[in-house]
Amino acid sequence: MPAAIKAEGLVKKYITWERRGFIRRTKRIVEALKGVSFNVERGEVFGLLGPNGAGKTTTVKIITTLLLPDEGKAEVLGYDVIEEAEKVREVIGVTLSVEKGFFWKLTGRENLKYFGMLRGLKGRELNKRVEYVLKLVGLDELGASDKLYEEYSLGMKARLALARALLHNPPVLILDEPTIGLDPASARTIRELLVRLAREEDKTVLITTHNMFEAELICDHVAIIDKGKIIAYGTVEELKRKAADRISVELLVTIPKNIIDGVEEKIIALLNIMEVALEPVEGGKTRVRIVAKPGEEEYVVEKLVEWFYSNNIRIHQVRVREPSLEDIFIILTRGKGNAS
Amino acid sequence: MPVKVTDILRAGLFGTFAWIKNNRWLLFSMIIWPYLTAFLLIALGMVYGSLETYRERLGVSNPILYILAGSGIVMSSLFIIDTVATTALYHRWLGTLPYLMLTPTRMYKVLVIEPLPGALISSTMGILAVIPGAVYFEGFLGACKLLIVLLLVYMGMLPLIGLSVIVASITLVLREESNVAAFLTPLILLVSGVFYPLEILPQILQYMSRIFPTSYIVEATRMIATYTIPEFRALLIAVYALVALTLIYNGVASIALTGSERMVKRSGVI
């Protein structure tokens, strides 16, 4: 049985024009994809992970027939995305942006009916599918089916976008950042639904995300894309094993504003370590995350605590844990590690 | 499931009705628009000369009704251009364009057929809104004449769609969010000859008026609105011109939209 989605050596270059004054413009060629290849098996949830501008959306647009590649080929359920584009469109359900893509002055139900008709659904079948997907995504339960789209919250918009993707009951779902900007409860609902669709209805789901927590929770396989190239591919566990020799040390601290610049470099120099990430969190605190080799974690914590005290950096919490997918992602996309 | 032309038409019709249903002020403005325009034009026209002068120069028996009907025609034509020509831009702004392109059929079919019901309903409304005025001035006969005008508007719609699709193709290809139709609209108003005789325009604009279908519809309306028996041969010439423009514009339009679809998919400016 062929893979549900197959991408082979996809290359895409964009020509952009940078303004240099009112009239003058300079041509620039951006290499968005540099030979992207991966397979998505039937009935699995596949995550295409990568930082902003890595090439995730370009890949999705090529697979969904919205963009032509310069080189390479892609297939969905055996249909070529260039030669058999209409066949591909018949078997995919797509969400490109959860924030827009609907008519503001139509209700959720009316929007779905409109897009259902564009999919060739009619009469009772159309009404039945619309009711089914409204229930499935929980809009019915929220009493939002007959509200105008302009009155929808972001969470409702995301649910409606998923409902549209499911409307014609496609075997393959391709969702570009389906939970971006959603509150934790809405994001969880969408995630649970995607897993249910894959497990119970045997749908193939390809999602793009930079939420590693999400990918770790729901994806059977993931591919990490960066600067237009796939830099890692496998199950979440396989990727984690690649970094099994790394322990993550996390400290929650408050860094005085006058010394915050350059803290990252100072820590790297102090410990001669491979990786450090500083992430601002609530209440003006900062999460300092360090990847250390096994056996070195005690030394790292000791040195860090000592340095933080001497620089009046207040420590709230210290945690040592196994590497997560996020650690792998940071290591790989920053190009400082050797896990790949 | 393969998508047929009728499916796209149904979607366009459903979307238009739902939009009007949820925007009652839109319906009200569509009805009142020709009256407001006609009132404004007559009021402005009175500054330069009496209705009697207007009647003499254009040869119409009832200038008020003629201007009212003319406003309806222009409004209908502008609705068609606005609906069809700006459809790509409108859907791009809304974010619905990729989902229209994901319909399992050729993109140009969706972009041309989907806005048609909206254009048809709007243009019909533009003419039907004038019927109470026609009945007031001319009774039943006035209403009948307007229905003939409506048929002419429908006929004029065919080349206008072609012209609008050419504009839509240019809009799609331009990387900036430029509304090309915004340039076309005042030009059509200027050279349609609806509010003043074309003869008073410079020669170049008179020639230009020949490439816009609206001019022929207005001319045919004037023949009917003179309220004498229209010169049948002159009316036929207007009809032939509309048919010729339909063939030319729609031929160019299908090539333009197919080309722009390819360019859009290469450049990724969706």
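# A tour of chains A and B

Start where the two chains meet: 28 residues of chain A are in contact with 27 residues of chain B. The model is predicted, and the stops below follow it from this interface outwards.

**Stop 1: the side of chain B that touches chain A.** Select helix 1 (5–22), helix 6 (97–101) and helix 14 (232–267) of chain B, each of which supplies at least two residues of this side. Helix 1 of chain B gives the largest share, nine residues. Which kinds of residue make up the side of chain B that touches chain A? There are 15 nonpolar, eight polar and four charged residues on it.

**Stop 2: the whole of chain B.** Now show chain B alone. Its secondary structure consists of 14 helices and zero strands. Turn the chain to see its extent: the C-alpha trace of chain B spans about 60 × 40 × 35 Å along its principal axes. For 270 residues the globule rule gives a radius of gyration of 18 Å, and chain B has 19 Å, so it is as compact as a globular protein of that length.

**Stop 3: the sheet of chain A.** Move to chain A and select strands 2, 1, 4 and 5, which in that order form an open sheet of four strands with antiparallel pairing. Which strands stand at the edges? They are strand 2 (25–40) and strand 5 of chain A; each has a single partner strand, so one side of each has no neighbour in the sheet. Strands of a sheet pair through backbone hydrogen bonds, either parallel or antiparallel.

Go through the sheet one pair at a time:

- Strand 1 of chain A and strand 2 of chain A run antiparallel and are joined by 13 bridges. Select A:K6 and, opposite this residue in strand 2 of chain A, A:N39.
- Strand 1 (residues 5–19) of chain A also pairs with strand 4 (residues 71–76) of chain A, in the antiparallel sense, over five bridges. Here A:E8 stands opposite A:K73 in strand 4 of chain A.
- Strand 4 of chain A pairs with strand 5 (residues 79–80) of chain A over two bridges, again in the antiparallel sense. The residue opposite A:E75 is A:D80 in strand 5 of chain A.

Stay with this last pair and look at the turn. The hairpin of strand 4 of chain A and strand 5 of chain A has two residues between the strands, and A:L77 in this hairpin takes a positive phi near 50°.

**Stop 4: the domains of chain A.** Colour chain A by its domain assignment: domain 1 (42–70 + 77–241) and domain 2 (245–322). How many Å apart are the C-alpha centres of domain 1 of chain A and domain 2 of chain A? They lie 38 Å apart.

**Stop 5: helix 10 of chain A.** Select residues 297–310 of chain A, the 14 residues of helix 10. From first C-alpha to last, helix 10 of chain A reaches 20 Å, close to the 20 Å expected at 1.5 Å a residue. Just after helix 10 of chain A comes A:N312, with a positive phi of about 60°.

**Stop 6: confidence in chain A.** Finish by colouring chain A by pLDDT. The average for chain A is 87, and 96% of the residues score at least 70. Among the elements of chain A, helix 3 (residues 108–117) has the highest mean pLDDT, 97, and helix 11 (residues 325–334) the lowest, 73. The last selection is residues 336–340 of chain A, where the pLDDT is below 50. Beyond near neighbours in sequence, this stretch has 16 contacts in the model.

How values were computed
Residues numbered from 1 in each chain as written. Chains lettered and ligands numbered in written order. Predicted model: local features only at pLDDT ≥ 70, side-chain atom pairs only at ≥ 80, totals over all residues. Contact = placed C-beta atoms within 7 Å. Nonpolar A, V, L, I, M, F, W, Y, C, P; charged D, E, K, R; others polar. Domains from an automatic or database assignment. pLDDT = per-residue confidence, 0-100. Pairing = 2+ DSSP bridges. Expected span 1.5 Å × (residues − 1). Rg over C-alpha atoms; globule rule 2.2 N^0.38 Å.
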